[in-house]
Amino acid sequence: MSSVVSPPADESTSLLNSNNTKMLQKCSASASTVNTGESSNDEESQRSEDGSIMEHNHTWLIPFFVNIFLACASFSIVMPSLSPYLLEVGASMSCLPWAVASYSVGEMIGSVAIGTFYEHATKTYALGRGPRISLIMCTIFGICGSALYAAAAWVVTEGIAENFIVAGRFLQGVWTGGQQAVEQAYLSAAIEPSKRVEYTATLSTCAVLGFVAGPTIGAILSTIDTTIFGFNIDANNAPGLFILLANVIMLVQTALFFDGKDDRTGETGKEVDEEEQEVVDSSKPFNYMGVAVSIFLFYIHYYSFAVQETITTPLAVILYDWEPVEVNLLFTCAGVMSLITSFSVRLLTRYVEDRVLLVASILIGFVGSTFLMDLPFSGDLPPWRFLVGFSMVTIAFPIGRNVVLGIFGNVLGPVNQGRWMGVMIAISAFPRVVGPFIALGLLEIVHWKTWLEFGICAGLFGTVFLVVIQNLDSIVPYEDFLDEFEKGSSGSKSIGMQANIHLGPIPSPIIGRSPAVVRKRRPDR
């Protein structure tokens, strides 16, 4: 039975020593999701025996580093000044939840919509244009949203200024949601499966740096109070102008330095001689369980994160009478812990299997949540226990996020992942829409006792732990899943995946279908 892998090393060597160079180039072109389109001697796209790319010079990383840093810094700059800005333009505090939620709603819509466009554009446009256009589209949304947000201070009509702020935050959410989906889908296409978690952690490190640097930049912007060309610029709308400038920088550097040619998923199966392959659309399996487990786990980690960022400040003030400076110091330490954790994940992936790190993130989150519980018969939550629990939940999130994204890309396999990554980012945004309302509501029900809220978090972590342990064999790279499926279909004993597969075109979160499986015929010996 033919297999979906490249020819063994000895066969490849035999082909190289023959005159059949054409067949070798065609087999190599369909062996991986990433190819530079140059000859096999190209130093930047040499392939290993299993068809994966041997990375030498990923020039797209620099534009991604800049984009991610500026996007995350922009997010953390806005939050401290959002409430005062609403009050300045005459809005009531009842508008604050809408301004906060509109950003997450924009993330959900932007990630799915632009992720879908990315997949379509990569298949339709010339090589490189799809990813470039998609990222440029994201920054245009960011420019429009930032302009609306900054201009709210200059609107004199009552009731309109607050709409500018809400609409501006929505468009900024579309920008960041779409950018995350595009960048993660591009990473999955450009990086071999064994390195995806490591590179995801690398990009996450830039994100944490942006979150940490944001308050510092915001502190500098808070000193501004001037008028330029008749327009007042102060501490409240200066962040909007900074984000506008950041988007312009991102737009220019993306257009100049990002070629988008590392994603060749749109060319999978093209220009391959029919005599040397058979296209099998109807028998390609889909790893339903691997996808479902990844999405569920991603949601749980983000729900825990949303709860933490929402209730930590009021909880610390009510339980321990902390001052704002103490709360800010706590979040600064959390940023440093996240930075160290993301960097550590990047190193650990070289020595520890991804699924081990995945289970570790769940257990750390579970233990941290239990430390944050004050049992019903307890009078209070000791500060030391609060700090231990807060630290463990802080550490669990970057481990879980980075590892789940990498594993999710591996589970989907060598197809364009724009739509699926868009759904994944939308899943992460949803808890930040409903999480604050749920968390505060649960705390008020039990009179600011924490056992109910964090008991639910611990229960969710415990549930997902059992689900992951039960389905460890499903959260594997697609190539491994396909090998096991083929063994099972040929009469061998499967490892439990047969119940989790789908035959026929791969389903998509939005109507569409994936490229066919390209089964390469081995050359005659």
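**Group meeting: contacts, salt bridges and ring pairs in a predicted model**

Leaving out neighbours within four places in sequence, F117 touches Y125, I133, S134 and M137. I start there, and I should say at once that this is a predicted model. F117 sits in helix α4, and with a relative accessible area of 21% it is partly exposed. The cut-off for buried is under 20%, so F117 at 21% falls in the partly exposed class. F117 and P131 are 14 residues apart in sequence, and their C-alpha atoms are 9.5 Å apart in space.

That brings me to helix α5, residues 129–151. How far does α5 reach from its first C-alpha to its last? The 23 residues of α5 reach 33 Å, close to the 33 Å expected at 1.5 Å a residue. Its buried residues include G130, P131, S134, L135 and C138. Further along α5, T139, G142, G145 and S146 are buried, as are Y149, A150 and A151. S134, then, is one of the residues F117 contacts and one of the buried residues of α5. What covers the buried residues of α5? The cover includes α3, α4, α6 and α8. In numbering, α4 is 96–124 and α6 is 161–190.

Two of those covering helices, α3 and α8, turn up again on the surface. A nonpolar surface patch of about 340 Å² is made by I62, V66, L245 and I249. Helix α3, residues 61–88, and helix α8, residues 238–257, each supply at least two residues of that patch. V66 belongs to α3 and is partly exposed, at a relative accessible area of 30%.

Now the charged pairs. Side chains of opposite charge can pair when their charged atoms come close. The count for this model is six salt bridges, and I will go through three. K123 pairs with E119, with 3.4 Å between the closest N and O atoms. Both are in helix α4, and because they are four residues apart there, about one helical turn separates them. As a reminder, an α-helix has 3.6 residues a turn, so residues three or four places apart point the same way. Are the two partners buried or exposed? K123 is partly exposed, with a relative accessible area of 29%, whereas E119 is buried at 6%.

The second is K195 with E198, at 3.7 Å from N to O. Here K195 is partly exposed at a relative accessible area of 29%, and E198 is buried at 7%. The third joins E353 and R355, with 2.7 Å from N to O. E353 is partly exposed at 42% relative accessibility, and R355 is partly exposed at 23%. Shared partners also make a network of salt bridges, which joins E119, K123 and R419.

A brief note on backbone angles. F229 has a phi near 55°, which is positive in a residue other than glycine. F229 is in the loop between β3, residues 226–228, and β4, residues 231–233, and it is exposed, with a relative accessible area of 79%. W448 also has a positive phi, near 65°, and is likewise a residue other than glycine. W448 is in the loop between α13, residues 418–445, and α14, residues 451–470. Its relative accessibility is 22%, which counts as partly exposed.

Last, the aromatic rings. There are 25 aromatic pairs by count. In the pair of W154 and F231, the ring centres are 4.7 Å apart and the planes are at 50°, so the pair is tilted. W154 is in the loop between α5 and α6 and F231 is in strand β4, so this pair ties together parts that are 77 residues apart in sequence. W154 is partly exposed at a relative accessible area of 31%, and F231 is partly exposed at 40%.

F286 and W420 form a stacked pair, 5.9 Å centre to centre, with 25° between the planes. Which parts does this pair tie together? F286 is in the loop between β5, residues 277–280, and α9, residues 288–320, while W420 is in helix α13, so the pair ties together parts 134 residues apart in sequence. F286 and W420 are both buried.

I close with one aromatic cluster, formed by Y320, W322, F331, F386 and F390.

How values were computed:
Residues numbered from 1 in each chain as written. Predicted model: local features only at pLDDT ≥ 70, side-chain atom pairs only at ≥ 80, totals over all residues. Heavy atoms only, no water. Patch = residues over 30% accessible without salt bridge, like charges linked within 9 Å, V, L, I, M, F, W, Y side chains within 5 Å. Areas by Shrake-Rupley, 256 points an atom, 1.4 Å probe, with all protein chains shown as cover. Salt bridge = Lys/Arg side-chain N within 4 Å of Asp/Glu carboxyl O. Buried < 20%, exposed > 50% of the residue type's maximum accessible area, 1.4 Å probe, protein only. Expected span 1.5 Å × (residues − 1). Contact = heavy atoms within 4.5 Å. Phe/Tyr/Trp six-rings, centres within 6.5 Å; stacked < 30°, edge-to-face > 60°.
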